[in-house]
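Reader: I'm new to this one and would like a close look at a single part of it. Could you walk me through how the strands are put together, and then what sits around them?

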Amino acid sequence: MNKYLVIGNPIEHSLSPLLHNHWIKKNNLKAVYDKKEISSNDLKDLIEKIREKNINGINVTVPFKKEIIPHLDRLTLDAEATQSVNTILLTIEGKIIGHNTDIGGFENAIKDTKYNLIGKRVLVLGAGGVAPSIIFALYKMKVSTVILTNRTKSKAEYLQNLYNEIIKKNDWNNIKVVDWGELPEFDMIVNATSVGLKNDENLDLDFSKIGKNKFFYDVIYNPKETNFLKKGKDLGNKIENGKKMFIFQAAEAFKIWHDIQPNIDDEVIKLLDK
Ligand code: ATR
């Protein structure tokens, strides 16, 4: 029986086991997918378990996506660029590889909405675990500018620096960093903060003057409609939550481990409506 795991802290609310075990069953695989709350001290031992083939693959979530990197043998180009790993695999040559499927997850989720990002100005709120992948995906989808704002400005500046070389090499426009509270002109706004995970939480930003015909995207999918999305909708904007992103990143991880493209159908989408 092959064993897969999602690690993070906290982890009890993760829906990854529900989704992966659904696909495991649908594809008649002899495998099980579990969740485990860990601390930084556990990372080394867990990677050893992969090496010894006691665990076959790991998904990594907040706050370990960067911290796991020194324990791995190699990174894919995307994981290297974003310094963020959410999927780990042992190759047949015995190397432990870190992948980033959040990038593809976000990219596919946006494509799924049919929103055309080419030449758009995108304001990203937050510079935590998922922000580097979103920024990278936005540039890959040819936005004109990424504007980044985070309550703790230094974290936004860290990401700005992280992307300096890649941005120069690809001839992309620089990431602009603005103070928390400022809302410059944008076409799309992404909530990549954790604000909204609890129903009553509100971002302390004043959206009253932003107008309509924007796209409000929230990485959060539970609750389905955060106050951020409610506000966007009330102001006459297009909205989308992070559910498809979650499903697409999981599907990409499933493909990496099992070499099977899992079905994303209504059953899967309903499965997560808990
Ligand atoms: P981590 O900070 O460990 O990477 P995360 O859940 O990936 O965790 O990121 C949380 C994000 O939500 C961060 O950008 C955080 O801002 P700080 O860097 O200033 O902590 C943001 N965040 C959390 N609570 C917030 C709040 N009340 N207002 C604004 N931003 C908030």
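In what order do the strands of the open sheet with parallel pairing come?

Author: Keep in mind that this is a predicted model. The order you're after is β9-β8-β7-β10-β11-β12, an open sheet of 6 strands with parallel pairing. At the edges you'll find β9 (176-177) and β12 (238-240), each of which pairs on one side only.

Let's start from the β9 edge. Strand β8, residues 145-149, runs parallel to β9, and 2 bridges join them. If you want a spot to look at, find Ile147, which stands opposite Lys176 in β9. Then look for a helix lying over this part of the sheet. That's α5, residues 131-140, and it lies across β7 (121-125), β8 and β10 (188-191). The direction of α5 makes about 165° with that of β8.

Now for another sheet to set beside that one. It's an open sheet of 6 strands too, but here the pairing is mixed, and the order reads β2-β1-β3-β5-β6-β4. The edge places go to β2 (31-37) and β4 (74-75); each has a single partner strand, so one side of each is left without a neighbour in the sheet. Inside this order, β5 (residues 87-90) and β6 (residues 96-99) run antiparallel, with 4 bridges joining them. A pair to pick out there is Ile88, which stands opposite Gly98 in β6.

This mixed sheet has helices packed on it as well. Helix α1 touches β1 (2-8), β2 and β3, and its direction makes about 175° with that of β2. Helix α2, residues 43-51, touches β1, β3, β5 and β6, and its direction is at about 40° to that of β5.

The loops around these strands have some details of their own. Go to the loop between β1 and α1, where Pro10 lies. The peptide bond from Asn9 to Pro10 is cis, with omega near 5°. There's another cis bond from Val62 to Pro63, again with omega near 5°. Pro63 lies in the loop between β3 and β4. And in the loop between α2 and β3 you'll come across Lys53. Lys53 isn't a glycine, yet it has a positive phi of about 65°.

Val62 also brings us to the open spaces. Along with Thr61, Ser194, Leu197 and Ile220, Val62 is among the residues closest to the centre of the largest pocket, which 45 residues line in total. About 1500 Å³ of space lies in that pocket. The elements giving two or more residues to its lining are β3 (57-60) and α8 (243-258), and α8 has the largest share, with 3 residues. Sort the lining by class and you get 18 nonpolar, 19 polar and 8 charged residues.

The second largest pocket holds about 310 Å³ of space. Its lining has 16 residues, and those nearest its centre are Lys66, Ala127, Gly128, Gly129 and Pro132. Helix α6, residues 153-170, gives the most to this lining, with 4 residues. By class, the count here is 8 nonpolar, 5 polar and 3 charged residues.

One last stop takes us back to α1. Side chains of opposite charge can pair when their charged atoms come close. A search of the whole structure turns up 15 salt bridges, and one of them is where the side chains of Glu267 and Lys26 meet, at 3.3 Å from N to O. Glu267 lies in helix α9 (residues 266-271) and Lys26 in helix α1 (residues 16-26), so this pair ties together parts that are 241 residues apart in sequence. That same α1 is the helix you saw packing on the mixed sheet.

Methods:
Residues numbered from 1 in each chain as written. Predicted model: local features only at pLDDT ≥ 70, side-chain atom pairs only at ≥ 80, totals over all residues. Heavy atoms only, no water. 1 Å grid on protein atoms, 1.4 Å probe; cavity = no way out; pocket = protein on both sides within 12 Å on 5 of 7 lines; lining within 4 Å. Points joined across faces, edges and corners; volume = space filled by probe spheres on them. Nonpolar A, V, L, I, M, F, W, Y, C, P; charged D, E, K, R; others polar. Pairing = 2+ DSSP bridges. Contact = heavy atoms within 4.5 Å. Axes fitted to C-alpha atoms, helices over the stretch in contact; angles between N-to-C directions. Salt bridge = Lys/Arg side-chain N within 4 Å of Asp/Glu carboxyl O.
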